[in-house]
Amino acid sequence: MADTRFKLNTGAEIPALGLGTWQSDPGEVKRAVSYAFSIGYKHIDAAYCYANEDEVGDGLKEAFDGGVKREDIFVTTKLWCTYHSRVEEALDKSLKSLGLDYVDLYLVHWPIAMNPNGNHEKFPKLPDGSRDLVKDWSHIQTWKSMEKLLATGKVKAIGVANYSVKYLEELLPQATVIPAVNQIENHPSLPQQEIVDFCKSKGIHITAYSPLGSSGSPMFTAEPVVEVAKKRNATPASVLLSYHIARGSSVLAKSVNPERIKANRDLITLDDSDMKTLTDYSNELEKSGKLMRYVYPAFGVQLGFPDKP
Ligand SMILES: NC(=O)c1ccc[n+]([C@@H]2O[C@H](COP(=O)([O-])OP(=O)(O)OC[C@H]3O[C@@H](n4cnc5c(N)ncnc54)[C@H](OP(=O)(O)O)[C@@H]3O)[C@@H](O)[C@H]2O)c1
């Protein structure tokens, strides 16, 4: 199961399980990356904003020195919000840090631009404490620059992250290249079925992030997850990661702990009754207005997600 792959609209394949690197601290992430590749991971998710691409690059180097071939792995990184008007410059920075000539996938991290000349390189704020956004910059302009990257050979595919249906409906009529991927927060407490279905209908692959509920993995104790795990003699982590593969999505699990990195490869095929248990739970939360967002609020900008003020 861990070696499942999904086809992108570019014809390339994305390995179903990727190692996440957000909040992987310096001093930990090099070892995590190199260990993950040594035990068979083929996919890693990075981002300029995570401020650890240098060390992710060190981990990649160690993996290559250990015999991993560049063409056998899938590397994603992302364009940060303060770089929407400097797309190729941002990509070059990331490539340099990662020690790579190309990435397999480059994503627009969020569909909004922040002031490139503000009071902070990554998270500029206005004097009133709110985010310093470039309100007259359209994410379509950003996408046009993303499209140009394909001719440089420095990206094999381009995509988006944190795009709701509203943003995709704005983008697609203007796009020459359909995004290969939409990377979104996704778990049984936030199934995002509307976005998943919309992307499927447009040939956009979904990659699920924060599948364990992010820091502290709060999804582990959700009752239906525990129930399916008991029934299948599996761990909650395995159920939560396998859930996405059953939905046709790839999934990113972050860990810097070798045992957990290894354990997260123990994926299982969830059957219809397992998926019904998890889907019923999602529907229940949706009906009662109790869907849980772990990352979106942390971002600190009201994006109208999912499509609501
Ligand atoms: N596009 C975006 O805007 C966006 C946003 C958020 C995340 N992401 C990507 O998605 C990745 C995954 O999401 P995430 O980092 O938010 O959270 P996550 O993978 O859902 O959860 C990570 C947390 O779970 C723990 N953990 C991992 N495996 C475990 C296991 N088997 N048993 C117990 N605990 C375990 C980790 O701790 P240890 O490290 O100590 O094991 C960490 O505290 C990110 O790292 C990032 O690459 C993208």
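Student: What makes a residue of the shell around the ligand nonpolar, polar or charged, and how many fall in each class?
Tutor: The shell divides into 11 nonpolar, 15 polar and three charged residues. Ala, Val, Leu, Ile, Met, Phe, Trp, Tyr, Cys and Pro count as nonpolar, Asp, Glu, Lys and Arg as charged, and the others, Gly among them, as polar. The model is predicted: local features need pLDDT of at least 70 and side-chain atom pairs count only at pLDDT 80 or more, while totals for chains, interfaces and linings use all residues. Residues are numbered from 1 along each chain as its sequence is written.

Student: How many residues surround the ligand, and which are the closest?
Tutor: The ligand is surrounded by 29 residues (a residue is near if its C-beta atom, placed from the backbone, lies within 6 Å). The closest are G20, Y209, L212, K254 and S255. Strand β10 (residues 250-254) gives the most to this shell, with three residues. Strands are DSSP runs of E with at least two residues, helices are runs of H or I with at least four, and both are numbered from the N terminus.

Student: Why is L270 called buried?
Tutor: L270 has 23 other C-beta atoms within 10 Å. A residue is buried at 20 or more such atoms, exposed at 12 or fewer, and partly exposed in between, with C-beta atoms placed from the backbone. The value of 23 meets the cut-off, so L270 is buried. L270 lies in the loop between α9 and α10, and its contacts beyond four places in sequence are S242, Y243, A246 and M275 (C-beta atoms within 7 Å).

Student: How do you know whether T76 is buried or exposed?
Tutor: T76 has 25 C-beta neighbours inside 10 Å and therefore counts as buried. T76 belongs to strand β5 (residues 74-79). Leaving aside residues up to four places away, T76 touches D45, A46, V103, D104, L105 and L107.

Student: What makes Y106 notable in the largest nonpolar core?
Tutor: Of the 82 residues in that core, V33 and Y106 touch the most other members. Such a core is a set of buried Ala, Val, Leu, Ile, Met, Phe, Trp, Tyr and Cys residues joined through C-beta atoms within 7 Å. Outside its neighbours up to four places away, Y106 touches T77, L79, L91, M146, L149, V155 and I158. In soluble globular proteins, nonpolar side chains tend to be buried together.

Student: Why are β8 and β9 called paired?
Tutor: Two strands pair if DSSP finds at least two bridges between them. Strand β8 (residues 181-185) and β9 share five bridges in the parallel sense, so they qualify as a pair. In one of these bridges, Q183 has T207 of β9 as its partner. The chain passes from β8 through helix α6 (residues 193-201) to β9, and this crossover is right-handed: with the strands pointing away from the viewer, the path over the helix runs clockwise from the first strand to the second.

Student: How do you know that both faces of β9 are covered?
Tutor: H205, T207 and Y209 on one side, and I206 and A208 on the other, are all buried.

Student: Which strands pair with β10, and over how many bridges?
Tutor: β10 pairs in the parallel sense with β9 over two bridges, and A208 stands opposite V251. Strand β3 (residues 17-20) also runs parallel to β10, joined by four bridges, and the partner of L19 in β10 is A253.

Note on methods. Contact = placed C-beta atoms within 7 Å.
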